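The following exercises concern secondary structure, core packing and strand pairing in a single protein chain. Each task is followed by a worked solution.

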Amino acid sequence: MDRRTFSKLVAGTMTAAGIPGANAAEGHPAPSAGRNAASIVPPSGGSDAWEYVILDAVPPDMTQTSGMAAADIDGDGKTEVIVIGTGSMVWYRPSTSEKGIVAHGSFGVGVALEDIDHDGRKEIITGKNVVASGKGQEKWVLYWYKSGANLSDPWTEHVLDGETAGHPHDLVFANLDGDGGRNLVANAMYCDHPGLFAYKIPSDPTGTWKKQMIQSGLSAEGTATGDLDGDGREEIVCGPYWFSAPRAGAFSGQAWTTHALAPDFREMCRATVIDVTGDGRPDVVLVEDEYPDGRLAWFENHLKSDPSHPWVEHPIDAPLNYSHTLQAWHDPGTKQVQVLAGEMNEGGWDAPYNWDARILKYTDRKSTHLNSSH
Ligand SMILES: [Ca+2]
Ligand SMILES: [Ca+2]
Ligand SMILES: [Ca+2]
Ligand SMILES: [Ca+2]
């Protein structure tokens, strides 16, 4: 078993309570007027190494933010940020402070940026709530959005899947069928028939995307992909499960297989795949993301070396309060594994407002003490 420990840094706490100005602008009182009604205050308790920057205190036409993604969309070498929420989807170019509205509507959580038509510029893929039936069953449509010559030009909206089962909370691109092309993975949440689905991009992306069911019936979130078993095709992690394609192929129409990954974890998670041990096989990091007492752990991949006990759980930290963000990467200099977790100010299901939602960074101590564990 791999033994290592992670140091913990509170990179910031969001004591500024989000965006009191935005609440006021929408005619709602700030969550606690006495605490911070007038101004954005700096984060407290955080590291001096991190600077807290407000990208936009009042996103245009948006009453609540719910998802974001960042990438160089237009290929100019500068990163853009896409923010989706209730009312609108907005692009930002932080380097120039430019911004603009992509589209109006009630957007969800999942948003992906991918060059699906191979023109060198990324499109935006996200879900929009188009019907709330009044019986608690919403209708969500998956769309992709293509920019004009400039991001400030009107964007074009295309339907990707008009018949989703529910809220596409997680949207991830991966190589599922081993042909090198990228495929979309989307879950469907908060509905009568939750599930997980994959889509194949047609040669003309405005055409019909081939759809494959991965699972139906499990209400799991926290989707990531990686070649967990080393066969050259990516498998899917979703919540405490992972899923492998049938021999006939990822899009053969035959059933995928559901496997346990983290049987002690609850079904709502954030997930990321990274080789923590350095043995060439991807490991998995999970945090329970919709709970006040969420656990953060990494799972050591023994699919080949010990198939009867394929995942060894290594706790990193707990409790995390509605940690709905999770990222991991190798530090380019030290090669240490870095894990970033971000708590929400306001989780789902009427969670108490958290004035001190934290941004947490964990650093693997091991690669700086290579001889200490043997
Ligand atoms: Ca750019
Ligand atoms: Ca493109
Ligand atoms: Ca594989
Ligand atoms: Ca590994």
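**Exercise 1.** Determine what share of the residues of the protein chain counts as buried.

Solution. The model is a predicted one. A residue is taken as buried if 20 or more other C-beta atoms lie within 10 Å of its own. By this criterion, 39% of the 374 residues of the protein chain are buried. The chain holds two helices and 22 strands. Of its contacts between residues at least 6 apart in sequence, 48% join residues at least 24 apart.

**Exercise 2.** Identify which residues of the largest nonpolar core touch the most other members, and list the contacts of Ile82.

Solution. The largest nonpolar core comprises 78 residues, and those touching the most other members are Ile82, Val237, Val284 and Leu286. Strand S3 (residues 80-93) supplies the largest share of this core, namely seven residues. Leaving aside residues up to four places away in sequence, Ile82 touches Met68, Ala69, Met89, Trp91, Val111, Leu113 and Ile124. In soluble globular proteins, nonpolar side chains tend to be buried together.

**Exercise 3.** Establish the strand order of the open four-stranded sheet, and explain why one side of S16 and of S19 lacks a neighbour in the sheet.

Solution. The order is S16-S17-S18-S19, with antiparallel pairing. Strands S16 (269-274) and S19 (311-320) are at the edges; each has a single partner strand, so one side of each remains without a neighbour in the sheet. On average, neighbouring strands of this sheet are turned by 15° against each other, direction ignored. Strand S18 (residues 294-301) runs antiparallel to S19 and is joined to S19 by seven bridges. Trp298 stands opposite His314 in S19.

How values were computed. Residues are numbered from 1 along each chain as its sequence is written. Chains are lettered from A and ligands numbered from 1 in the order in which they are written. This is a predicted model: local features need pLDDT of at least 70, side-chain atom pairs count only at pLDDT 80 or more; totals for chains, interfaces and linings use all residues. A residue is buried if 20 or more other C-beta atoms lie within 10 Å of its own, exposed if 12 or fewer, and partly exposed in between; C-beta atoms are placed from the backbone. Two residues are in contact if their C-beta atoms, placed from the backbone, lie within 7 Å. A nonpolar core is a set of buried Ala, Val, Leu, Ile, Met, Phe, Trp, Tyr and Cys residues joined through C-beta atoms within 7 Å. Two strands pair if DSSP finds at least two bridges between them. Axes are lines fitted to C-alpha atoms, for helices over the stretch in contact, and angles run from 0 to 180 degrees between N-to-C directions.
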